[in-house]
Amino acid sequence: MVDYSFSNDEELFRESVRSFLQSNVAPIWAEIDERGRAGRELITSMGEQGFFAIPVSEEYGGQGGNFVFAAIAAEEVGYADPSMGLAVYTLLNNAWPFILSLYGSEDVKSEVLPRVGRGEAFFGIASTEPRGGSDVGGLMTIARRVEGGYEVEGEKIFISGVREVFEELDYGGWLLLARTGRVEDRHRGISAFAFIAKQDGAISDGVEYSILETIGRHGISTGMLKLNNAYIPDKALIGEVNRGFYIAMEGFNLARILVAAANIGTARWALERMIEWSRERRLFDDKPISSFQGVSFPIAEVAMEIEAARLLVYKAAWMADRIYFKREPGLKPRDLSFYSASAKLKAVETSVRAYETLMKTYGALSYVKETNVYRGMLGSLSYLVGAEGAQNIMKLIIAREVIGREYV
Ligand SMILES: Cc1cc2nc3c(=O)[nH]c(=O)nc-3n(C[C@H](O)[C@H](O)[C@H](O)COP(=O)(O)OP(=O)(O)OC[C@H]3O[C@@H](n4cnc5c(N)ncnc54)[C@H](O)[C@@H]3O)c2cc1C
């Protein structure tokens, strides 16, 4: 039976996160984007409100929820902060801690996850390197075996959360991908580590960082990590040696659902603004510009695209829950790939289009900083240019799933 409604619990959860966000984030989102910091206080209060580690079990300090709940939270954060800074913080702090809860060692899980759940720690993803992000199988950061662990050498770039970990919080890090096998083994020679770069206020040895000056979504920073024989203990290995690529792909599948949900949120913000303005602005014999089909039809199309993207997002979240929580026989993590890549591809195209339509509806007003339209547009564009996987890579994943890996 097909049922498109949310359960009572899901509706109540949406109401509660929305009410928190409308009081604590919506009035200051542009200020956060302007100053480039969400601030420790807000992050901690989001943790207390249950925004992080939503799909992680309560045993590890998570919220004991699932991906539909996490998608609801990400969508509402994207709506309250259309510049997406806080949405990025939220979605990373749900998807990657969940992966840690699946494959991490008991020691590391019980150390990291409760801190993430309380809003005291950030746990993101460090995959991309200067040589290019799309070819994860070709990454060059090396993890050398030493007594009791690994020493890591290499560079990571465009990493979200660098300032938050090193300058805002006392604890945090990333799921770090590094080569433990031969270069010619490509993706079969990569391992995943819970790389905790800062613990109890102290930055780990062998780690340098810098912040990149990005054009948008300033509520979370984007930076570089330089690892010069940074030590990672054995217990921080996530899953088996040389299986890190597959673990990361599972994580990207899950993170992309939440990326897509956040893009729906920011697109909804844009849609509301264009509806309001099209009713208010009066031209040509004092008619609202919404009476011109050149204005109303693009708005209608955005509304339709948002609904289509939203269906894909929640279908992907529902699919993730069937795989990871209901554990339906016959379903594998890989079965999520088509749905999550489709949701990300569509939701990002939709939010970018929503902002283009908003800009045309506002006219010159959208070009004035005060309207903050550009902040939302730049947030969406971060996902069009690559964050959480380039749009072409989404098409590649979909093509592999529908045509067959051996043909693509
Ligand atoms: C704001 C922001 C935050 C980010 N945060 C993180 C983070 O927290 N952690 C992290 O690890 N990374 C992060 N990234 C990096 C992101 O994962 C990469 O941008 C993405 O993987 C693409 O890599 P690239 O930008 O190096 O582009 P490239 O891989 O160099 O690709 C360039 C272009 O070529 C196209 N292309 C590449 N290969 C193919 C192909 N086989 N077929 C067709 N087209 C192809 C791509 O679509 C793209 O348009 C972030 C990026 C941004 C913009």
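These legends accompany several close-up views of a predicted model.

**View 1. The ligand and its closest neighbours.**
Let us start with the residues around the ligand. The shell holds 19 residues, and those that come nearest are I125, T128, G133, S134 and F158. In terms of character, eight residues of the shell are nonpolar, ten are polar and one is charged.

**View 2. Polar backbone atoms facing the ligand.**
This view picks out three backbone contacts. At I125, a backbone N or O atom sits 2.8 Å from a nitrogen atom of the ligand. G133 also brings a backbone N or O atom to the ligand, 2.8 Å from an oxygen atom. At S160, a polar backbone atom is 2.8 Å from a ligand oxygen atom. On its own the ligand has 970 Å² of accessible area, and the protein covers 67% of that.

**View 3. The elements and domains around the ligand.**
Which elements give two or more residues to the shell around the ligand? They are the strands β1 (121-126) and β3 (149-160), together with the helices α11 (373-385) and α12 (391-403). The most comes from β3, which supplies three residues. Stepping back to the domains, the ligand lies between domain 2 (122-238) and domain 3 (244-407), because both give residues to the shell.

**View 4. K156, a buried lysine in strand β3.**
Here we stay with strand β3, where K156 has its place. Is K156 buried or exposed? With a relative accessible area of 0%, K156 is buried. Its side chain has two partners in this view. One is the backbone oxygen of S127, which the K156 side chain reaches at 3.0 Å. The other is the side chain of E129, with which the side chain of K156 makes a polar contact of 2.9 Å.

**View 5. E76 and R14, a salt bridge between two helices.**
Side chains of opposite charge can pair when their charged atoms come close. In this close-up, the side chains of E76 and R14 form a salt bridge, with 2.7 Å from N to O. E76 belongs to helix α4 (residues 67-80) and R14 to helix α1 (residues 8-24), so their pairing ties together parts that are 62 residues apart in sequence. E76 counts as buried, at 1% relative accessibility. R14 is buried as well, and its relative accessible area is 6%.

**View 6. E75 and R310, a link across the sequence.**
Another salt bridge joins E75 and R310, whose closest N and O atoms are 3.2 Å apart. Because E75 lies in helix α4 and R310 in helix α9 (residues 293-324), this pair ties together parts that are 235 residues apart in sequence. E75 is buried, at a relative accessible area of 1%. The pairs are also part of a wider picture: a network of salt bridges links R14, R18, E75, E76, R268 and R310. The count of salt bridges in the model comes to 34.

**View 7. K360 and E356, partners within one helix.**
How many residues apart are K360 and E356 in helix α10? They are four residues apart, about one turn of the helix, and both lie in α10 (residues 337-362). Their side chains meet in a salt bridge of 3.1 Å, N to O. K360 is exposed, with a relative accessible area of 63%. E356 counts as partly exposed, at 39% relative accessibility.

**View 8. D200, a positive phi in a loop.**
This view turns to the backbone. D200 is not a glycine, yet it has a positive phi of about 45°. Where does D200 lie? Its place is the loop between β5 (190-199) and β6 (202-203). D200 counts as exposed, at 63% relative accessibility.

**View 9. N229, a positive phi in a strand.**
The last close-up shows N229, a residue other than glycine with a positive phi, near 55°. N229 is found in strand β8 (residues 222-233). With a relative accessible area of 33%, N229 is partly exposed.

Notes. Residues are numbered from 1 along each chain as its sequence is written. This is a predicted model: local features need pLDDT of at least 70, side-chain atom pairs count only at pLDDT 80 or more; totals for chains, interfaces and linings use all residues. Side-chain values use heavy atoms; hydrogens and water are left out. A residue is near a molecule or strand if one of its heavy atoms lies within 4 Å of it. A polar contact is a pair of N or O atoms within 3.5 Å; within protein, one must be able to donate a hydrogen and the other to accept it, and residues adjacent in sequence count only if both atoms are side-chain atoms. Accessible areas come from the Shrake-Rupley method with a 1.4 Å probe; for residues, only the protein chains shown count as cover. Ala, Val, Leu, Ile, Met, Phe, Trp, Tyr, Cys and Pro count as nonpolar, Asp, Glu, Lys and Arg as charged, and the others, Gly among them, as polar. Domain bounds come from an automatic or database domain assignment. A salt bridge is a side-chain nitrogen of Lys or Arg within 4 Å of a carboxyl oxygen of Asp or Glu. Buried means under 20% relative accessible area, exposed over 50%, partly exposed in between (1.4 Å probe, protein chains only).
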